[in-house]
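Subject: Handing over a structure

Hello,

I am passing a structure on to you, with some notes on what turned up in it. Please have it open while you read.

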Amino acid sequence: MVDSQSTPARQRPSIVSISSYLLFLFLACQVISLIITLSTIGKTRDALRDAYAGSNVENADQVGDVFYAIGLGSAILVLLLAVVLGVLALFNNQGRNGARITTWIVGGIMVCCVGGGLLSNAAGGFTAGGETGANGPSSEEVQRRLEEALPSWATAVSLLLGVISLISLLAALILLAMPKANAFFRKPTAAWEPPTPGASYQAPGQPGYPQAPGQPGYPQSSGEPGYPQSSGEPSYPPPPGTNRPDDTPPADRPGSTPPSTS
């Protein structure tokens, strides 16, 4: 049984594999960032509570809780999107163009999130913007309390992870747009193969029916086929009065002379 159509095997280019590795690196960075957030966000909440204690700022006792909820929710959301990118990387390795398009969409959102977080940290984070209020603590006071509550390595490691995450994600998205990647994700065309002599034809999606052994082939003739007479069938004489060419006597053999009419 021979298939009339076959799909050529595709070899995954190295840039697609590297892009998937970079997406896995981005996922690993977000996992580490979540661990750091979980280990420090409680201390950050307590430091903010102490900084706003006794101030006349509206809802001052809830500032730390609001920051805690926003920080933890953001870290979990970023991690979930990073997991989505990791799953999409597996489908990208299989050459699925829909997964590549989804990677660009989710990756673009993550670039904005990670880039915004880096800009916020570079500008001073929570304490950016000068005085927090007429009767509230100054930004310098809040920053001092946060530095006293948090480990010295936490901010530096968070910044480093953010930079690595942003670079790896941008590089992964760019590699997926390279010409070699486009050729890999393009849907392959089926190549037609002529059937092998003596084999049955199999239509796409239909089972093949092999020729039964022992049956002779019947060649196709250019004209109408002749039907030879079987050797075992008897021949029948023509009806009376029918002249056949073989009943006419030859000219050199005497025959009966008709009677004279005179």
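The secondary structure of the protein chain consists of six helices and two strands. In sequence order the pattern is β-α-α-α-α-α-α-β. Please keep in mind that this is a predicted model.

First, some totals. The protein chain has 262 residues, and 27% of them are buried. Its accessible surface is about 17,800 Å², with 60% of that belonging to carbon and sulfur atoms. If you take the contacts between residues at least 6 apart in sequence, 82% of them join residues at least 24 apart.

Two of the helices are worth checking against the length expected of them. Helix α2 has 31 residues and runs 45 Å from its first C-alpha to its last, close to the 45 Å expected at 1.5 Å a residue. After α2 comes G95, which has a positive phi, near 80°. Helix α5 covers residues 152-175, and its 24 residues should span 34 Å at 1.5 Å a residue; the C-alpha atoms at its ends are 36 Å apart, so the two values agree. Several residues of α5 are buried, among them A154, L161, G162, L166, L169 and L173.

Now to the inside of the protein. Which residues have the most contacts inside the largest nonpolar core? They are V16, L23, F26, L85, M110, L169 and F185, in a core of 29 residues. The elements giving two or more residues to this core are α1 (14-52), α2 (63-93), α3 (97-122), α5 and α6 (179-185). M110 is a good residue to start from: leaving out residues up to four places away in sequence, M110 touches F26, V78, L81, L85 and L169. There is also a second, separate core of seven residues, including A47, L48, Y52 and V142.

A polar residue to look at next is N92, in helix α2. Is N92 buried or exposed? Its relative accessible area is 1%, under the 20% cut-off, so N92 counts as buried. A polar atom of the N92 side chain lies 3.1 Å from the backbone nitrogen of R100. Once neighbours within four places in sequence are set aside, the contacts of N92 are V16, S20, L23, A99, R100, T103, L176, F184 and F185. Two names in that list, V16 and L23, may look familiar from the largest nonpolar core.

T40 is another buried residue, with a relative accessible area of 11%, and it is found in helix α1. Beyond residues up to four places away in sequence, T40 touches L150, P151 and A154. Of these, A154 is one of the buried residues in α5, while L150 lies in the loop between α4 and α5. Seen from the other side, L150 is in contact with T40, K43 and T44, again without its neighbours within four places in sequence. The C-alpha atoms of L150 and A47 are 8.9 Å apart, although their positions lie 103 residues apart along the chain.

Lastly, the charged pairs. How many salt bridges are there? The count comes to two.

- D65 and R49 meet through their side chains, at 2.4 Å from N to O. This pair links distant parts of the chain, with D65 in helix α2 and R49 in helix α1, 16 residues apart. D65 is partly exposed, at 32% relative accessibility, and R49 is partly exposed too, with a relative accessible area of 35%.
- E148 pairs with R144, and their closest N and O atoms are 2.7 Å apart. Both belong to helix α4 (residues 139-149), and because they are four residues apart there, about one helical turn separates them. E148 is exposed at 57% relative accessibility, whereas R144 is partly exposed, with a relative accessible area of 36%.

If you want a route through the model, you could begin at M110 and its contact with L169, go on to N92 and its contact with R100, and then follow T40 across to L150. The D65 and R49 salt bridge would make a good last stop.

Best wishes

Note on methods. Residues are numbered from 1 along each chain as its sequence is written. This is a predicted model: local features need pLDDT of at least 70, side-chain atom pairs count only at pLDDT 80 or more; totals for chains, interfaces and linings use all residues. Side-chain values use heavy atoms; hydrogens and water are left out. The expected span of a helix is 1.5 Å times one less than its number of residues. Buried means under 20% relative accessible area, exposed over 50%, partly exposed in between (1.4 Å probe, protein chains only). A nonpolar core is a set of buried Ala, Val, Leu, Ile, Met, Phe, Trp, Tyr and Cys residues joined through side-chain atoms within 4.5 Å. Contact means heavy atoms within 4.5 Å. A salt bridge is a side-chain nitrogen of Lys or Arg within 4 Å of a carboxyl oxygen of Asp or Glu. A polar contact is a pair of N or O atoms within 3.5 Å; within protein, one must be able to donate a hydrogen and the other to accept it, and residues adjacent in sequence count only if both atoms are side-chain atoms. Accessible areas come from the Shrake-Rupley method with a 1.4 Å probe; for residues, only the protein chains shown count as cover.
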